[in-house]
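Me: Please give me a close look at a single part of this structure, beginning from one residue and its contacts. Then follow the chain outward from there in one connected account.

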Amino acid sequence: MISIKSPREIDIMRRGGKITAGTLSTLLRTAEAGMTLRELDRLAERMIRERGGVPTFKGYNGFPASICACVNDVVVHGIPGDYALKDGDLLSIDIGATFEGYVSDSAASIGIGNVSAAAQRLMRVTQESLMLGIAQMQEGNRLSDIGHAVQQHAEASGYGVVRALVGHGVGRKMHEEPQVPNFGDPGKGIVLRSGLCLAIEPMITEGTHEVRTLPDGWTVVTADGKLAAHFEHTIALTEEGPRILTLRDMLEHPDAANYRPKEEIAA
Ligand code: MG
Ligand code: MG
């Protein structure tokens, strides 16, 4: 069952989305060499609760923390432990907050200190891929138009698109129907209509798109040990087009949903 949200529900998700976005924004600003992932997690939980939300991830299928923190070859679901960030790390943070019964889900990657040009390019292309996917979230388009746009941009840039994990509908539950793959042919799947709320989340890799899960049962890493980046937004499709409910006050432009790629710059 795909749930279509009323304007009232979308307004609650918009307010919840501000909690998620504001907290993620602070985490991205705060993360620096020497800081442990556990410290970032504590900060996230405190900020979400202070703002009237509940950390959605904490206890979700037994997940022990409020954020997923992923360094370098970790793609998603990294448990924030005692690892201390190092200069040159690529850090991806995934975060969710539940507010008045509705979930918003968002992720972003950032470089710690002096990161390589290769890592910067991977992060940029991943964020661009997300924005191009969001731009396809228009009434009358088909679901697979989103993933097709993501895949085209990422692969044209020489990167891999993770297949094993996908985006999703979002609302009263974090993971609702439909699944939103980041790949595929265009023109397939449901017709998009106003009231649909999706978490679109490209996971893009420097090398192979194959991933594996570590023995902790959570941490997903690239099979070849190369870098991965992850950007995610919760978006409502409205009569005015896609509305990003987790838009941050940094690293993005408010017109991001209208993003079109410029000439690809060689790395
Ligand atoms: Mg997420
Ligand atoms: Mg998600």
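A loop residue and its surroundings

Reply: Threonine 36 touches Gly81, Asp82, Tyr83 and Ala84, where residues up to four places away in sequence are not counted and contact means heavy atoms within 4.5 Å. The model is a predicted one, in which local features need pLDDT of at least 70, side-chain atom pairs count only at pLDDT 80 or more, and totals for chains, interfaces and linings use all residues. Residues are numbered from 1 along each chain as its sequence is written, chains are lettered from A and ligands numbered from 1 in the order in which they are written, and side-chain values use heavy atoms, with hydrogens and water left out.

Threonine 36 sits in the loop between α1 and α2, helices being DSSP runs of H or I with at least four residues and strands runs of E with at least two, numbered from the N terminus. Because its relative accessibility is 17%, threonine 36 counts as buried (buried means under 20% relative accessible area, exposed over 50% and partly exposed in between, with a 1.4 Å probe and protein chains only).

The two helices on either side of this loop are α1, residues 7–30, and α2, residues 37–50, which pack at an angle of about 150° with their axes 10 Å apart; axes are lines fitted to C-alpha atoms, for helices over the stretch in contact, and angles run from 0 to 180 degrees between N-to-C directions. Helices α1 and α2 are therefore roughly antiparallel to each other (over 145 degrees, against under 35 for roughly parallel, 65 to 115 for roughly perpendicular and oblique for the rest). Their crossing is right-handed, the near helix being turned clockwise from the far one by less than a right angle. On the α1 side the contact is made by Ile19, Gly22, Thr23, Thr26, Leu27 and Thr30, and on the α2 side by Leu40, Leu43, Ala44, Met47 and Ile48. These residues divide into 7 nonpolar, 4 polar and no charged, where Ala, Val, Leu, Ile, Met, Phe, Trp, Tyr, Cys and Pro count as nonpolar, Asp, Glu, Lys and Arg as charged, and the others, Gly among them, as polar.

Helix α1 also supplies a neighbour to a residue much further along the chain. Cysteine 197, which belongs to strand β9 (residues 197–200), touches Lys5, Ile10, Met13, Gly169, Val170, Ile235 and Ala236, again leaving out residues up to four places away in sequence. Cysteine 197 is buried, at a relative accessible area of 2%, and its C-alpha atom is separated by 15 Å from that of valine 166, 31 residues away along the chain.

The account now turns to the metal ions. The magnesium ion (ligand 1) is coordinated by Asp94 (OD), Asp94 (OD), Asp105 (OD) and Glu232 (OE), at 2.0 to 2.6 Å; donors are N, O and S atoms within 2.8 Å of the metal, or 3.2 Å for Na, K and Ca, and since water is not among the atoms, sites may look incomplete. Along the sequence, the donor residues of ligand 1 follow the spacing D-x10-D-x126-E. Aspartate 105 lies in strand β5 (residues 102–111) and glutamate 232 in the loop between β13 (228–230) and β14 (233–238), so this pair ties together parts that are 127 residues apart in sequence. Both side chains come from buried residues, aspartate 105 having a relative accessible area of 3% and glutamate 232 one of 0%. For the magnesium ion (ligand 2), the protein donors are Asp105 (OD), His168 (NE2), Glu201 (OE) and Glu232 (OE), lying 2.1 to 2.2 Å from the ion, with the sequence spacing D-x62-H-x32-E-x30-E. The two magnesium ions are 3.1 Å apart, and aspartate 105 coordinates both.

Some backbone details complete the picture. Most residues other than glycine have a negative phi, and most peptide bonds are trans. Histidine 77, in the loop between β3 (74–76) and β4 (90–99), has a positive phi near 65° and is partly exposed at 26% relative accessible area. Glutamate 100, in the loop between β4 and β5, has a positive phi near 50° and counts as partly exposed at 49% relative accessibility. A cis peptide bond with omega of about 0° joins glutamate 177 and proline 178, the latter placed in strand β8 (residues 176–180).
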